[in-house]
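Biologist: I should like to learn how such a model is read, feature by feature. May we begin with the backbone and then proceed to the side chains?

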Amino acid sequence: MKDFTIFTLLLIAFSCAQPSKEEKEEAVVDSLRYENEVHLKNVRQLTWGGNNAEAYWSFDGKRLVFQSDYSAWGVSCDQIFTLDIANVEQGVKPPMVSTGLGRTTCAYFLPGDSLIVYGSTHLADSLCPPTPSRNSGKYVWPIYEGYDIFVSNLSGEIVNQLTNEEGYDAEATVSPNGDRIIFTSTRSGDLELYTMNLDGSEVVQLTDELGYDGGAFFSPDGSKIVWRASRPQTEEEIAEYTELLAQGLVQPTEMELYVANADGSDAKKITSLGNANWAPFFTPDGDKILFSSNHASERGFPFNLFIANLDGSGLEQVTFDETFDSFPMFSPDGKYLVWASNRNNGGTRDTNLFVAEWLD
């Protein structure tokens with residue numbers, strides 16, 4: 001009788017220790033989360049193949065717009081797609097909202113979520129522009145002169161062209177206030193930040209120092225901006241930067257982050273970490289910056305997400321991937337984070353989109 005009682009108690013204890021259905025489902029989802037990623041919960045994969053990046057939320061927080069070169073979707077280089085967050089299904093191609101011509105980049109929803117802005121080279125050439133050669137051993141990004149910024153509806157019909165200057169115009173993002181667009185342009189001869197109204201009027205230059213100023217975002221209240229910048233200092237660095245830019249190239253291996261008022265005033269460098277610090281985005285309270293960095297790497301990788309105060313203090317690592325995490329963006333309500341990562345790609349070079357609940 002005694003042995004039966006002990007066995008029964010052990011059985012009950014074991015049964016009570018078993019995870020619930022909800023706990024099992026959460027464990028499966030969070031198999032995509034690394035152990036030290038304490039700010040993330042319920043990580044969910046949104047794409048499965050190709051290079052998918054720069055996913056940005058709609059104003060209502062229900063959809064994402066992003067760029068992808070996934071050949072299985074019938075594209076040869078980056079085109080713009082949208083995702084309904086509640087209805088993502090592996091193997092199903094999401095709607096493409098760019099023309100399918102040229103190469104595109106950096107799409108963003110406009111207020112009302114019925115229109116998007118994005119950069120495209122399709123007026124310069126209907127074909128994908130050539131990718132830069134790496135024969136020099138340098139890692140470079142192309143700055144295609146054919147890029148201009150367009151407005152499109154969600155059926156893929158272009159309804160407005162916002163820029164028509166010679167040279168590169170791209171990297172457009174929209175203020176949460178819904179009143180201004182910030183973008184990068186070479187119209188001055190250098191890569192500088194500008195703002196404009198939603199219809200392309202009242203263009204204002206914000207930066208004027210030699211170097212690459214790009215990837216800018218507004219704070220949640222629209223009062224500040226954050227961006228990445230290179231600042232060549234020595235004669236050798238200046239010569240290399242200007243020579244590459246003349247070839248339509250930029251070397252993004254040494255970049256730091258800057259914060260300023262939305263009109264470009266009171267600009268301050270907030271990181272001095274070395275290597276590449278980029279893809280910054282304000283936290284939902286506007287008090288910190290989440291960004292991607294390889295500052296701790298000696299070979300270029302890994303890139304992980306880090307968070308810091310607006311003065312660069314309080315640096316904390318957020319993701320712990322072995323290769324690449326970048327392009328973070330918080331949902332408008334601050335509850336979710338979307339980003340691009342090489343995790344769970346089966347050892348390929350695929351970069352996919354992931355979404356997670358954000359924990360402070």
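Biologist: Where does Glu-202 lie?

Modeller: A preliminary word on conventions is needed. This is a predicted model, in which local features need pLDDT of at least 70 and side-chain atom pairs count only at pLDDT 80 or more, while totals for chains, interfaces and linings use all residues. Residues are numbered from 1 along each chain as its sequence is written, and side-chain values use heavy atoms, with hydrogens and water left out. Strands are DSSP runs (E, at least two residues) numbered from the N terminus. Glu-202 lies in the loop between strand 12 (192–197) and strand 13.

Biologist: What is the phi of Glu-202, and is the residue buried or exposed?

Modeller: Most residues other than glycine have a negative phi, and most peptide bonds are trans. Glu-202 has a positive phi, near 50°. On accessibility, buried means under 20% relative accessible area, exposed over 50%, and partly exposed in between (1.4 Å probe, protein chains only). Glu-202 is exposed because its relative accessibility is 57%. Asn-42 is another residue other than glycine with a positive phi, here near 55°. Asn-42 belongs to strand 1 (residues 40–45) and is partly exposed, at 23% relative accessibility.

Biologist: Which peptide bond is cis?

Modeller: The bond from Phe-301 to Pro-302 is cis, with omega near 5°. Pro-302 is placed in the loop between strand 20 (288–293) and strand 21 (304–309).

Biologist: How should I read a buried polar residue, and why does Thr-207 count as buried?

Modeller: Thr-207 counts as buried because its relative accessible area is 7%. The residue sits in the loop between strand 13 (204–205) and strand 14 (213–218). Its side chain reaches the backbone nitrogen of Leu-193 at 2.9 Å. For contacts, the criterion is heavy atoms within 4.5 Å. Apart from residues up to four places away in sequence, Thr-207 touches Glu-192, Leu-193, Asp-213 and Trp-227.

Biologist: How are the strands around Asp-213 and Trp-227 paired? What is the bridge partner of Asp-213 in strand 15?

Modeller: Two strands pair if DSSP finds at least two bridges between them. Strand 14 and strand 15 are antiparallel partners over 4 bridges, and Asp-213 has Ala-229 as its bridge partner in strand 15. The hairpin of these two strands has 5 residues between them, and Gly-222 there takes a positive phi near 75°. Strand 15 (residues 224–229) is mostly covered, with 5 of its 6 residues buried. Strand 15 also runs antiparallel to strand 17 (residues 256–261), joined by 6 bridges, and Trp-227 stands opposite Tyr-258 in strand 17.

Biologist: In what order do the strands of the open sheet of 3 strands come?

Modeller: The order is 2-3-4, with antiparallel pairing. Strand 2 (52–57) and strand 4 (79–84) are the edge strands, each pairing on one side only. Strand 2 and strand 3 (residues 63–68) share 4 bridges, and Tyr-56 has Val-65 as its bridge partner in strand 3.

Biologist: How is a nonpolar core read, and how many residues does the largest one have?

Modeller: In soluble globular proteins, nonpolar side chains tend to be buried together. A nonpolar core is a set of buried Ala, Val, Leu, Ile, Met, Phe, Trp, Tyr and Cys residues joined through side-chain atoms within 4.5 Å. The largest here has 78 residues, and Val-117 and Trp-278 have the most contacts inside it. Strand 25 (residues 352–358) gives the most to this core, with 5 residues. A second, separate core of 10 residues includes Ile-182, Ala-229, Tyr-258 and Ala-260. Leaving aside neighbours within four places in sequence, Val-117 is in contact with residues including Cys-106, Phe-150 and Ile-181.

Biologist: Which cysteines form a disulfide, and why is Cys-106 not bonded to Cys-77?

Modeller: A disulfide is a pair of cysteine sulfur atoms within 2.5 Å. The structure holds 1 disulfide, formed by Cys-77 and Cys-128 with their sulfur atoms 2.2 Å apart. The disulfide is left-handed because the torsion about its S-S bond is about -85°. Cys-77 lies in the loop between strand 3 and strand 4 and Cys-128 in the loop between strand 6 (115–120) and strand 7 (141–142), so the pair ties together parts 51 residues apart in sequence. Cys-77 is buried at 8% relative accessibility, whereas Cys-128 is partly exposed at 33%. The sulfur of Cys-106 is too far for a bond, because the closest cysteine sulfur, in Cys-77, is 14 Å away. Cys-106 is buried, at 7% relative accessibility.

Note on methods: Polar contact = N/O pair within 3.5 Å; in protein donor to acceptor, adjacent residues only side chain to side chain.
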